[in-house]
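Please find below my notes on the model, set out as numbered points. They are meant to be read beside the sequence and the coordinates.

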Amino acid sequence: MEEKSVQKKSQLAGGDSAAGWQWCGQCERASKGGAGYSCGYDDCEGYIGNIWTWEYVRKQHPHLPEVPEYDVIYSIKGA
Ligand SMILES: [Zn+2]
């Protein structure tokens, strides 16, 4: 019950969510639009083996923000 109200609250706040975001292990940046098999940045060669959904990465590294931003390096090394 409590969990439900928290989910609702985070949906209302901002209107954005982690849905559609992916994280690239090659450049350690988050992006949208790579469709899960390539990095969303043209200057990066990250491909399917490097790409993880943001939700998955965040489960392993809870210190990461709920919703990432473009062009920010989210390093998980040593975390
Ligand atoms: Zn990349």
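In which loop does Glu28 lie? Glu28 lies in the loop between strand 1 and strand 2, and the points below begin with the basis of the model before returning to that loop.

1. Basis of the model. This is a predicted model, in which local features need pLDDT of at least 70 and side-chain atom pairs count only at pLDDT 80 or more, while totals for chains, interfaces and linings use all residues. Residues are numbered from 1 along each chain as its sequence is written.

2. Confidence. The mean pLDDT of the protein (pLDDT being the predictor's confidence in each residue, from 0 to 100) is 83, and 77% of the residues reach 70 or more. Among the elements, strand 1 has the highest mean pLDDT, 96, and helix 1 (residues 2–12) the lowest, 49. Over residues 8–15 the pLDDT stays under 50, and for this stretch the model has one contact beyond four places in sequence, a contact being a pair of residues whose C-beta atoms, placed from the backbone, lie within 7 Å.

3. Elements. The protein has two helices and three strands, taken as DSSP runs numbered from the N terminus (helices are H or I of at least four residues, strands are E of at least two). From the N terminus on, these elements run α-β-β-β-α.

4. The sheet. The three strands form an open sheet in the order 2-1-3, with antiparallel pairing, where two strands pair if DSSP finds at least two bridges between them. Strand 2 and strand 3 (51–53) stand at the edges with a single partner strand each, so one side of each is left without a neighbour in the sheet. The twist averages 40° from one strand to the next, with axes as lines fitted to C-alpha atoms (for helices over the stretch in contact) and angles running from 0 to 180 degrees between N-to-C directions.

5. Pairing around Trp23. Strand 1 pairs with strand 3 in the antiparallel sense over three bridges, and strand 1 and strand 2 likewise pair in the antiparallel sense over three bridges. Trp23 has Trp52 as its bridge partner in strand 3, and Trp23 also stands opposite Ala30 in strand 2.

6. Burial and core. Of the 79 residues of the protein, 19% count as buried; a residue is buried if 20 or more other C-beta atoms lie within 10 Å of its own, exposed if 12 or fewer, and partly exposed in between, with C-beta atoms placed from the backbone. Trp21 and Trp23 point one way from strand 1, Gln22 and Cys24 point the other way, and all are buried. The largest nonpolar core (a set of buried Ala, Val, Leu, Ile, Met, Phe, Trp, Tyr and Cys residues joined through C-beta atoms within 7 Å) has eight residues, namely Trp21, Trp23, Cys24, Ala30, Cys39, Ile51, Trp54 and Val57. Strand 1 and helix 2 (54–60) are the elements that give two or more residues to this core, and the largest share, three residues, comes from strand 1.

7. Contacts of Cys24 and Gln26. Leaving aside neighbours within four places in sequence, Cys24 is in contact with Arg29, Ser31, Cys39, Cys44, Gly46, Asn50 and Ile51. On the same basis, Gln26 is in contact with Cys39, Cys44, Glu45, Gly46 and Asn50. Gln26 has its place in the loop between strand 1 (21–24) and strand 2 (30–32), and Gln26 counts as partly exposed because 14 C-beta neighbours lie inside 10 Å. The C-alpha atoms of Gln26 and Gly49, which are 23 residues apart along the chain, are separated by 9.4 Å.

8. Positive phi. Most residues other than glycine have a negative phi. Glu28 nevertheless has a positive phi of about 60° although it is not a glycine, and the hairpin of strand 1 and strand 2 to which Glu28 belongs has five residues between the strands. Glu28 is partly exposed, with 17 other C-beta atoms within 10 Å. Asp71, in the segment after helix 2, has a positive phi of about 65° although it is not a glycine, and Asp71 is exposed because 10 other C-beta atoms lie within 10 Å.

Technical notes: Contact = placed C-beta atoms within 7 Å.
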